Amino acid sequence: MTSGRITFRLVAPAMVYWSFVPLVQIASLAIVCRNRPPEMPFRRTVDLFLRSNWPLLLWLLLFSAAWACFPAASVIPWWSYRSVQFGSAGVALAITARLDYRFLRRDLKRTPRDAVLQLVAQRLLSWTPILLIFVAPAAWEVVASELGL
Amino acid sequence: MGGGRVGTGPVTRELICAALLLVAIVAGTASDTPVSKPPVTLGGYRVLAADFHVHPFPLSSGTLAPWDIAVEARRQGLDALAITPHNQTWGGRAGAWFWRRFGGPIVIPGEEIHGPHFHLIGLGIQQTISWRLPADEAIDEVHRQGGVAIAAHPTTPSWRYWEPAAGRLDGAEVLQPIAYVAPGVALELQKFFERRPLAAIGSSDYHGFGPLGLCRTLVFVREATPEGILEALRAHRTVVFDGKRAWGDPALVPLALEHPELAVPPPLAPRARALILLSRVCGLSGLLGLVILVATPDRR
């Protein structure tokens, strides 16, 4: 998105910085899914769980392709529509949640109620630190202003 | 996310994706050479291409660390930049340290004071300024630290919060990516700028989307140092143009318009353009292939 190409100079450090995302996801999974069936070792659990990230990866890839392949001045007008940004992200997040629910039900043998609770817990445990690392100071201003703190 | 083989032949789909990504990285890296840009002097001033609104990773919704931004700025033909995290200054100070240690484009520390009613860029400051301050007090605090105060994307909803303080501003963004959203938004930025004497500022408000320096400011400096840039901004010796219109110091605008190449990144050689295209096509194909492999139901 920045340079319209894939360079070692940008890829290598970005991989290191952004590795906190899967690490946080794995940590939250370890907390939420402590009781697993005997045939489901943690390594296999992580492998299956992370695969359900594909809708988000596809979403990121499509936006990256748009920024890389078209002039910025022509991408910005439709990118600025919140319905495009948040609507498409919402669809990707919903599909991911559906896949994770199915994983919890089918592979980890959770009841429907437990699957929903663990899904919500995993999201809270993972997305809270991820968002804090990404946008904490501005997010705090928005929250504090809204709440009058 | 490894797993068993999917393909039936000796060359699996995973290997094809990996090969595409390898070609993308090799081609992209081969095209990634620093651009040579001779110094430009106009009207007795050295002219610097600058981007004064750049967000780093982490804690500022940016994707690149300050040192990566400094290196990328050089590739985009920028002579100076300000790293301006939301409501903090660490990213700018880190970038400035990198510049002093390794050279490259001049890095000025700064902050985007991200309040509920207005956003203010403080350039050349070291200490964080609270977003809770009203505009006039925030601007005074920027000046107390020896910095320069720039109104960031001053669209209509923020105008009434600027009113008591607008006379104290040093500059305002007259061109930045939101100007491409709709003609009306571009007009709002221009109206704010034209209502009072200010340094014209073009900034990319870089968060990782689009190129660094997408919009840039031409600064006419007496000396190419952070202090020289801040002095030029205080004296309003800047020009911004978008290919059609120009804003800034009336005496300097004609000089800048004679050199439209100053407002855009240096041109790439045909070989570099071909390598970039190859990197882009192979990279997107390889990544799409990986996503499809991960999503393939029979792999679950």
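Begin the tour at the place where the two chains meet, by selecting helix H4 (residues 54-69) of chain A together with helix H9 (residues 270-295) of chain B, for these two helices pass each other in a left-handed crossing. What you have open is a predicted model.

Turn the view until both helices can be followed along their length: their axes come within 10 Å and cross at roughly 165 degrees. Because angles over 145 degrees count as roughly antiparallel, H4(A) and H9(B) are described as roughly antiparallel to each other. Now show the side chains on both sides of this contact, where residues including A:Trp54, A:Leu57 and A:Leu61 of H4(A) meet residues of H9(B), among them B:Arg280, B:Leu284 and B:Val291. By class, the contact of H4(A) with H9(B) has 13 nonpolar residues, no polar ones and one charged.

Next, widen the selection to everything that joins the two chains, and you will find 46 residues of chain B in contact with 39 residues of chain A. On the side of chain B that touches chain A, the elements that give two or more residues are H1, helix H2 (66-75) and H9 of chain B, and the largest share, 10 residues, comes from H9(B). This side of chain B divides into 26 nonpolar, 14 polar and six charged residues.

Keep H9(B) selected and add helix H1 (residues 13-30) of chain B, whose axis comes within 7 Å of that of H9(B) and crosses it at roughly 150 degrees. That angle makes H1(B) roughly antiparallel to H9(B), and the crossing here is left-handed. Among the residues that make the contact are B:Leu20, B:Ala24 and B:Ala27 of H1(B), together with B:Cys282, B:Gly286 and B:Leu290 of H9(B). The contact of H1(B) with H9(B) has 14 nonpolar, six polar and two charged residues.

Finally, move to the largest nonpolar core, which has 78 residues, and select B:Leu120, B:Ile150, B:Val219 and B:Ile229, the residues with the most contacts inside it. Strand S2 (residues 45-54) of chain B gives the most to this core, with six residues. If you then centre the view on B:Val219 and leave aside residues up to four places away in sequence, you will see that B:Val219 touches, among others, B:Leu48, B:Ala50, B:Ile229 and B:Leu233. Apart from the largest core lies another, of nine residues, and this one includes B:Leu20, B:Ala24, B:Ala27 and B:Cys282, which you have already met in the contact of H1(B) with H9(B).

Terms used: Residues are numbered from 1 along each chain as its sequence is written. Chains are lettered from A and ligands numbered from 1 in the order in which they are written. This is a predicted model: local features need pLDDT of at least 70, side-chain atom pairs count only at pLDDT 80 or more; totals for chains, interfaces and linings use all residues. Axes are lines fitted to C-alpha atoms, for helices over the stretch in contact, and angles run from 0 to 180 degrees between N-to-C directions. Helices (H or I, at least four residues) and strands (E, at least two) are DSSP runs, numbered from the N terminus. Angles under 35 degrees count as roughly parallel, over 145 as roughly antiparallel, 65 to 115 as roughly perpendicular and the rest as oblique. A crossing is left-handed if the near helix is turned anticlockwise from the far one by less than a right angle, and right-handed if clockwise. Two residues are in contact if their C-beta atoms, placed from the backbone, lie within 7 Å. Ala, Val, Leu, Ile, Met, Phe, Trp, Tyr, Cys and Pro count as nonpolar, Asp, Glu, Lys and Arg as charged, and the others, Gly among them, as polar. A nonpolar core is a set of buried Ala, Val, Leu, Ile, Met, Phe, Trp, Tyr and Cys residues joined through C-beta atoms within 7 Å. A residue is buried if 20 or more other C-beta atoms lie within 10 Å of its own, exposed if 12 or fewer, and partly exposed in between; C-beta atoms are placed from the backbone.
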